[in-house]
Every structure is written in structure tokens, then in C-alpha cells.
Amino acid sequence: MFHRIDRMTVEGPTFLNVTFMDGVFCRYDVAPLIKRYSDIFGPLENGVLFSQAKVAAGGYGVVWNADIDLCADDIYNAASEVVR
């Protein structure tokens, strides 16, 4: 199943608050990705870049720039807090 994001806000230095089109809300911490995959996600340690997160066209993920993005399904499945 493909999950799609309805809206998203940035909270603090590494958290995304995401509401999906099915009404599920989750809080997702990007810090583990920044640490584990620093070659890809390392630039997000820059708070200015992290704060520029946007919902991708169609709601299929979150994007920061042409090189850094996250799939909506990955956020949905790995979120630290989920409210259904």
C-alpha cells in the first residue's frame, strides 16, 4: 500500500510531524538517518536546510532538495509515535 502525506511540519532540529491522507498522524525523527547515512542525510544537520522540508508532489514523501528526500511509506512504517 502506498501512503500519501496530507501535511507536514518541521519541529525542532530533527523531527517531522506528518499527517497522512488516511488520517494517521506520526512524529518522525530524522536523527538516526542523519547519523547512519551521513553521506546522504548529513547536510540535514544544518538547521536551515532541515527547516526547508516540503511535502513532495502528490504527497509521496518529503523533500529538502534535489538530492535529499524520504519516502512517505518509510516515514509511516518507522515513525516513533503514531496516532491512528
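This is a guided tour of a predicted model, with a suggestion at each stop for what to select next in the viewer.

**First stop: strands S1, S2 and S3**

Begin by selecting strand S1, residues 5-11, together with strand S2, residues 15-20, and colour the two so that they can be told apart. S1 and S2 run antiparallel and are joined by six bridges, and one place to look for this pairing is Ile-5, whose bridge partner in S2 is Phe-20. Where the chain turns from S1 to S2 there is a hairpin with three residues between the strands, and in this hairpin Gly-12 takes a positive phi near 60°.

Now add strand S3, residues 25-29, which runs antiparallel to S2 and is joined to it by five bridges. The hairpin of S2 and S3 has four residues between the strands, and here Gly-23 takes a positive phi near 95°. As a general background to this stop, strands of a sheet pair through backbone hydrogen bonds, in either a parallel or an antiparallel sense.

**Second stop: Thr-19 and Asp-22**

Select Thr-19, which has its place in strand S2 and has Phe-25 as its bridge partner in S3. Is Thr-19 buried or exposed? With a relative accessibility of 14%, Thr-19 counts as buried, because the cut-off for buried is under 20%. If you show its surroundings and leave out residues up to four places away in sequence, you will find that Thr-19 touches Ile-5, Asp-6, Arg-7, Val-24 and Phe-25.

Move along to Asp-22, which lies in the loop between S2 and S3 and is partly exposed, with a relative accessible area of 43%. Apart from neighbours within four places in sequence, Asp-22 is in contact with His-3 and Tyr-76. To get a sense of scale, draw a distance from the C-alpha of Asp-22 to the C-alpha of Ala-66: these residues are 44 apart in sequence and 27 Å apart in space.

**Third stop: the charged side chains**

How many salt bridges does the count come to? The count comes to two, and you can display each of them in turn. In one, the side chains of Asp-6 and Arg-7 meet with a distance of 2.5 Å from N to O; Asp-6 is partly exposed at 41% relative accessible area, and Arg-7 is also counted as partly exposed, at 48%.

In the other, the side chains of Glu-11 and Arg-27 meet at 2.9 Å, N to O. Glu-11 belongs to S1 and Arg-27 to S3, so this pair ties together parts that are 16 residues apart in sequence. Glu-11 counts as partly exposed at 33% relative accessibility, whereas Arg-27 is buried, with a relative accessible area of 19%. Keep Arg-27 on the screen and add Phe-15, because Arg-27 also lies over the face of this ring, at 3.7 Å from the ring centre.

**Fourth stop: an aromatic pair**

The structure holds two aromatic pairs, and the one to select here is Phe-20 with Tyr-76. Their ring centres are 4.8 Å apart and their planes stand at 80°, so the pair is edge-to-face. Phe-20 lies in strand S2 and Tyr-76 in helix H4, so the pair ties together parts that are 56 residues apart in sequence. Both residues are buried.

**Fifth stop: the largest nonpolar core**

Next select Leu-16, Phe-20, Val-30, Leu-44, Trp-64, Leu-70 and Ile-75, which touch the most other members among the 24 residues of the largest nonpolar core. Strands S1, S2 and S3 and helices H1 (31-36), H3 (47-50) and H4 (72-78) each supply at least two residues of this core. In soluble globular proteins, nonpolar side chains tend to be buried together.

Centre the view on Leu-70 and leave aside its neighbours within four places in sequence: the residues in contact with Leu-70 include Leu-16, Tyr-28, Val-30, Leu-33, Phe-41, Trp-64 and Ile-75.

**Last stop: the sheet of S4, S5 and S6**

Finish with the open sheet of three strands, which has the order S4-S5-S6 and antiparallel pairing. Strands S4 (54-55) and S6 (69-71) stand at the edges with a single partner strand each, so one side of each is left without a neighbour in the sheet. Strand S5, residues 61-63, pairs with S6 in the antiparallel sense over three bridges, and to see one of the paired positions, select Val-62, whose bridge partner in S6 is Leu-70.

Definitions and conventions
Residues are numbered from 1 along each chain as its sequence is written. This is a predicted model: local features need pLDDT of at least 70, side-chain atom pairs count only at pLDDT 80 or more; totals for chains, interfaces and linings use all residues. Side-chain values use heavy atoms; hydrogens and water are left out. A salt bridge is a side-chain nitrogen of Lys or Arg within 4 Å of a carboxyl oxygen of Asp or Glu. Buried means under 20% relative accessible area, exposed over 50%, partly exposed in between (1.4 Å probe, protein chains only). A nonpolar core is a set of buried Ala, Val, Leu, Ile, Met, Phe, Trp, Tyr and Cys residues joined through side-chain atoms within 4.5 Å. Contact means heavy atoms within 4.5 Å. Two strands pair if DSSP finds at least two bridges between them. Rings of Phe, Tyr and Trp (its six-membered ring) pair if their centres lie within 6.5 Å; planes under 30 degrees apart count as stacked, over 60 as edge-to-face and the rest as tilted. A charge sits over a ring if NZ of Lys or CZ of Arg is within 6 Å of the ring centre and within 35 degrees of the ring normal.
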